[in-house]
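Trainee: Before I use these terms in a report, I would like to see each value set against its definition.
Mentor: Then look at the model first.

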Amino acid sequence: MSNYHIKHLEEYFQVYRKSVQNPEAFWEEIAEEHFVWRSKWDRVLSWDFTKPEIKWFEGAELNITENCLDRHLPTKRNNTAIIFEPNDPKEEAQHITYGQLHESVCRMANVLKENGIKKGDRICVYLPMIPELAYTVLACARVGAIHSVVFAGFSSNALATRINDCDCKMVITSDGSYRGNKIIDLKGIVDVALEDCPGVEKVLVTKRTGGKVKMKKNRDFWLKPLLDEAYADNDAERMKSEDPLFILYTSGSTGKPKGMVHTCAGYMVYTAYTFKNIFQYRDGDVYWCTADIGWITGHSYIIYGPLANGATTVMFEGVPSYPDYGRFWEVVEKHKVNQFYTAPTAIRALAKENLEFVEKYDLSSLKVLGSVGEPINEEAWHWYNNNVGHGKSPIVDTWWQTETGGIMISPIPYVTPTTPTYATLPFIGIQPALMDEEGHEIMGIQVDGRLCIKFPWPSMARTIWGDHERYRDTYFTAYKNKYFTGDGAMRDEVGYYRITGRVDDVIIVSGHNLGTAPIEDAINEHPAVAESAIVGFPHDIKGNALYGFVILKEIGEARDRENLKKEINQQITEHIGPIAKLDKIQFVPGLPKTRSGKIMRRILRKIASGDTENLGDISTLLNPEVVKEVMDNAL
Ligand code: WT7
């Protein structure tokens, strides 16, 4: 039996038992046998969820890039590490070997050092899905700089907030990016952002579109000549296990985005181990995750997890609808993809189109299909299973979060029998608990509650950058001695988990985590707006869409309503990005509030989804009369 690669259900149960009965011995063995360390740990785990403080493999030293690159060179120098599939199918794909990847990362690491970057510095990475993005992320890790990748669909405003929050001194970007038939002026967005970022000393710019850009003297530099001059070898920095590896921002229900901090050793061990098992990756397989590296899915399951296993990972620059709705399947056929990992929103969008787009292609290479980001509805599950997997590729519905670093609840394909819409069983080492509202654990089967995790796992985020108190308050105060996920879940009669969705004010739109507060703040900055409230409502393709209830000021009352709606969405696009635009905007005279002044989102959610039969008790509201008015004019 191998603890590293689980192949049978009995093995899963045995290994799971071991991992929870003696977590330290279990993780020590995994860490010892499957990774390279500069020096070993003094202690496997110390933790205290009240502080909270979590440390894995304390005392050890390593560099994650030696695990992702150097150690594979003797056996895999000429194997493909990354297949780069460009936006335009007419542009040739690139097969980047481990040897080439190592060299590019070393050159980039040397460029960073030459440009004043030291261990612990923060670097903002704002790049499209091109090979330079992988080089940059890994080069940061190699020199011990903390990367903060910002999804290149965020606006200059959102970018500036993230740059300033963790005091990045460098930004790495490109002239532009391709997205379907659009060209986006990334450098222009960076230029606007940097007007508000005095801490940024240098900007390195890679060429992608050849578009016209302004280069600011002594601040902006083209990357290519720097890379050409740099040495092709670089000694990786010795990193302590708990040194930060990266910061990645995620929305909270309130306030500014949270910079989740992940650290070197535990993150490496857990992402590699989950990747191996949850995708049943075997040497020679071609694995493709369609996410963007701007999200945690891309960090853990395009870059670190696959490369730590010496895998071949596809990086796709484009979108599922360009040049037509068959693009995903064309790429699967072309590169003979074995494991395919995508989001339910993409599946739903493709399922709406003609079946010919998928039937046209040979998908027989596929062995495992993955889903992530939001609950997958039954219809989408069956479409995926029938038309993509032809009933022979198990679907792994993987539940996890930016904060958890790696997959937490998921079937292991060919091991765990799957059930549509169920994430099924906790992965090795994960101890979930369902809690009631009074704070008691709900035991037994056929129950539902709030999903918590009661024991640390190696890849959990260690803090929120610059705000440890917020980290404690958000995740460790709702339930004593437990990590609270913000999700609700049920456990069925065989112990399978089904995630039912967020129980807080975070809304998942097209698999993107959007907090209501920053969107409301953006709207409220419009001069005609007095107050607003955002809720989610069910949407065929996006899973949820956004519904805004907006109270106008007197000056707004006189304005053209349709124009105002456009301006409000424009305002959101500028502050956050187009992903946060509202599908529906209703102007209202007031918002239902509790006596303490809190907006009753529960009621607004029901109105937005047209479910007004049973609004529950509204008698305790400050202004119950407003409810009828809002309901009568609902869109
Ligand atoms: C939230 C985390 C982790 C990858 C991308 C999202 C929801 C995620 C599932 C799933 C049901 C899911 C949860 C979670 N979610 N995967 N398989 N089934 N819900 O990361 O942006 O941090 O969002 O996404 O609500 O809390 P994220």
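**Pairing and ligand contacts**

Mentor: Strand 25 (residues 483-491) and strand 26 pair in the antiparallel sense over 5 bridges. This is a predicted model, in which local features need pLDDT of at least 70 and side-chain atom pairs pLDDT 80 or more, while totals for chains, interfaces and linings use all residues. Numbering runs from 1 along each chain as its sequence is written, and side-chain values use heavy atoms, without hydrogens and water.

Trainee: What makes strand 25 and strand 26 a pair?
Mentor: Two strands pair if DSSP finds at least two bridges between them; here there are 5 bridges, so the pairing criterion is met. Within that pair, Asp 487 stands opposite Arg 502 in strand 26.

Trainee: Why is strand 26 called an edge strand?
Mentor: The open sheet has 5 strands in the order 22-21-23-25-26, with antiparallel pairing. Strand 26 pairs on one side only, as does strand 22 (441-442).

Trainee: Which residues come nearest to the ligand?
Mentor: Asp 397, Thr 398, Thr 402, Asp 487 and Arg 502, out of 18 residues around the ligand. A residue counts as near if one of its heavy atoms lies within 4 Å.

Trainee: How do you know that Thr 402 makes a polar contact with the ligand?
Mentor: A polar contact is a pair of N or O atoms within 3.5 Å. An oxygen atom of the ligand is 2.6 Å from an N or O atom in the Thr 402 side chain, so the pair qualifies. For the side chain of Gln 401, the corresponding distance from a ligand oxygen atom is 2.9 Å.

How values were computed. A polar contact is a pair of N or O atoms within 3.5 Å; within protein, one must be able to donate a hydrogen and the other to accept it, and residues adjacent in sequence count only if both atoms are side-chain atoms. Helices (H or I, at least four residues) and strands (E, at least two) are DSSP runs, numbered from the N terminus.
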